[in-house]
Amino acid sequence: MTTSLQYQPSQESLSKLTPVLTKRWLSPDAWKIDVYERLDGYTALRKAFSSHPDDLIQLVKDSGLRGRGGAGFPTGMKWGFIPQNDGKPHYLVVNADEGEPGTCKDLPLMMADPHALVEGVIIASYAIRANFAAIYIRGEAVHAARRLRAAVEQAYAKGYLGTDILGSGFDLDLVVHSGAGAYICGEETALLDSLEGYRGQPRLRPPFPATHGLYASPTVVNNVETIASVPYIVLGGAAWFRSMGTEKSPGPKIYSISGRVNHPGQYECGLGVTLRQLIDLAGGMQPGHRLKFWTPGGSSTPMLTDEHLDIPLDFEGMAGAGTMLGTTAVQVFSDQDDIVYATYRWIAFYHHESCGKCTPCREGNYWMVRILHRILAGQGTHQDLDTLLDACDNLLGRSFCALGDGATSPVTSSIKYFKQDYLDYIEGRKAPMFHGELVGAH
Ligand SMILES: Cc1cc2nc3c(=O)[nH]c(=O)nc-3n(C[C@H](O)[C@H](O)[C@H](O)COP(=O)(O)O)c2cc1C
Ligand code: SF4
């Protein structure tokens, strides 16, 4: 019998690995500025300063880099929306909230290679003419916040931050700000409210952050992985970046794979790798487990099944399969996992994290978690399935922000693919998991 330690991924799967953002992760002490500099650190910044800011924006446009925070918006285009010569201050805000269930890529990046992010922040700020930047990191990530703050201090001490950086005439201050641990503060406008000191709730759009962001001034909000990609694009060029991934989804991507695989973790591959290859890289399925359902990019992306093992995990491939790439948080579940219970846990999360600003999300999640609990308690009815789908119908496209939309994904996709599992509880073929009614929040 082959043990998980002896497991050898196929050559085809191994050839999919493209360590770019992760290449320094295994170098000892790479988070220290001296080591980072020895490993090519801050050379992209020097190169960037020899270019005009507009040329850097064009370079990022040409690279085809798309936002790594979930929506996949073209980064260069976003930077290009910042009005120039408007007399207003400009801001860069890095979204390091990383709250999407299953997602674990930004935190390891900030722990292993914080200067890659700091260097990306300086280059991006120079490109959009921002003299103040903030990294908004989730409150629980105390370890990563400490490491980032140390990196920022080191960068100031070496003259990479502050006034007249490397004699370029460009000034930049960078602040690491810890949130209080709310998923909604990852939504970019709620994040901006939180950064300004208000309760984090989404803002009405338009106006968009590009014109009315932090303190009502032009602001770019980008994900950690997006900004950390920038120094590599500056050094390698657009064509090099496009040599990885697919035509419409170029570049490398950090996939975080968790669940019933032998070696969960982060695997950096060109966009378009398949789940079959990722599972292979992750040492295969755990012994005795057969793949049943999985999320391509966190619980807000509709789940898929073992029929979808060979679809490219890129923006287009996932859209074609009726889901989204999201944060590439690949969560793998097996035939020994209960899909109704998993869905219940996810909706309990959305109910807990709903900011309460709009009725569909606040009330919809409240009722959905109760109905799911009732089904798991063996007291569900056939009508409950219709009510769940009806609630989703009133959430999707009717919520104030994408948290409400995302909350429908686990419910609609699990009923679509695994209705029988719900019926097993409703029709008494499966023993109840809970007893009695749900009391309290969830
Ligand atoms: C409820 C919710 C939570 C989000 N959480 C995050 C997050 O933790 N990190 C992140 O980068 N983007 C998150 N986003 C997406 C952001 O709103 C935004 O699209 C992203 O930061 C833009 O960066 P990008 O263009 O580099 O992807 C979230 C969106 C929603 C609706
Ligand atoms: S959808 Fe949910 S999280 Fe978003 S504004 Fe409405 S209540 Fe708040």
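Student: Where does Lys105 lie, in terms of the loop, strand and helix around it?

Tutor: Keep in mind that we're looking at a predicted model. Walk along the chain from strand S1 (91-96) towards helix H6 (106-112) and you pass through a loop. Lys105 lies in that loop, between S1 and H6.

Student: Is Lys105 buried or exposed?

Tutor: Go by the relative accessible area: buried means under 20%. Lys105 comes out at 1%, so it counts as buried.

Student: Which side chain makes a polar contact with the side chain of Lys105?

Tutor: Lys105 touches plenty of residues beyond four places away in sequence, including Trp25, Glu98, Asn223 and Gln266. The polar contact, though, is made at 2.8 Å, side chain to side chain, with Asp106.

Student: Which residues come nearest to ligand 1?

Tutor: There are 18 residues around ligand 1. By class, this shell has 4 nonpolar, 8 polar and 6 charged residues. Two of the nearest, Glu98 and Asn223, are also touched by Lys105. The full nearest set is Gly69, Glu98, Asn222, Asn223 and Thr226.

Student: Which element gives the most to the shell around ligand 1?

Tutor: Strand S4 (219-223) and helix H17 (402-426) each supply at least two residues. The top contributor, with 3 residues, is S4.

Student: How much of ligand 1 does the protein bury?

Tutor: Start with the polar atoms. A ligand nitrogen is 3.2 Å from a polar backbone atom of Gly186, while a ligand oxygen is 2.9 Å from an N or O atom in the Asn222 side chain. Taken alone, ligand 1 exposes 610 Å², and the share of that buried by the protein is 89%.

Student: Which helix supplies the largest share of the largest nonpolar core?

Tutor: That core has 63 residues, and Trp79, Val121, Ile122 and Ile137 have the most contacts inside it. Val121, for one, is in contact with Leu92, Ala133, Leu172 and Ile227, among others further than four places off in sequence. The largest share, 10 residues, comes from residues 114-128, helix H7.

Student: How many residues are in the second, separate core?

Tutor: Look for Phe333, Ala342, Leu376 and Val411, which are among its members. The count for this second core is 51 residues.

Student: What does Asp40 count as, going by its relative accessibility?

Tutor: Asp40 lies in the loop between helix H2 (33-38) and helix H3 (43-49). Buried stops at 20% and exposed starts over 50%. Asp40 has 44%, so it falls in between and counts as partly exposed.

How values were computed. Residues numbered from 1 in each chain as written. Chains lettered and ligands numbered in written order. Predicted model: local features only at pLDDT ≥ 70, side-chain atom pairs only at ≥ 80, totals over all residues. Heavy atoms only, no water. Near = heavy atom within 4 Å. Polar contact = N/O pair within 3.5 Å; in protein donor to acceptor, adjacent residues only side chain to side chain. Areas by Shrake-Rupley, 256 points an atom, 1.4 Å probe, with all protein chains shown as cover. Helix = DSSP H or I, 4+ residues; strand = E, 2+ residues; numbered from the N terminus. Nonpolar A, V, L, I, M, F, W, Y, C, P; charged D, E, K, R; others polar. Core = buried A, V, L, I, M, F, W, Y, C linked by side-chain atoms within 4.5 Å. Buried < 20%, exposed > 50% of the residue type's maximum accessible area, 1.4 Å probe, protein only. Contact = heavy atoms within 4.5 Å.
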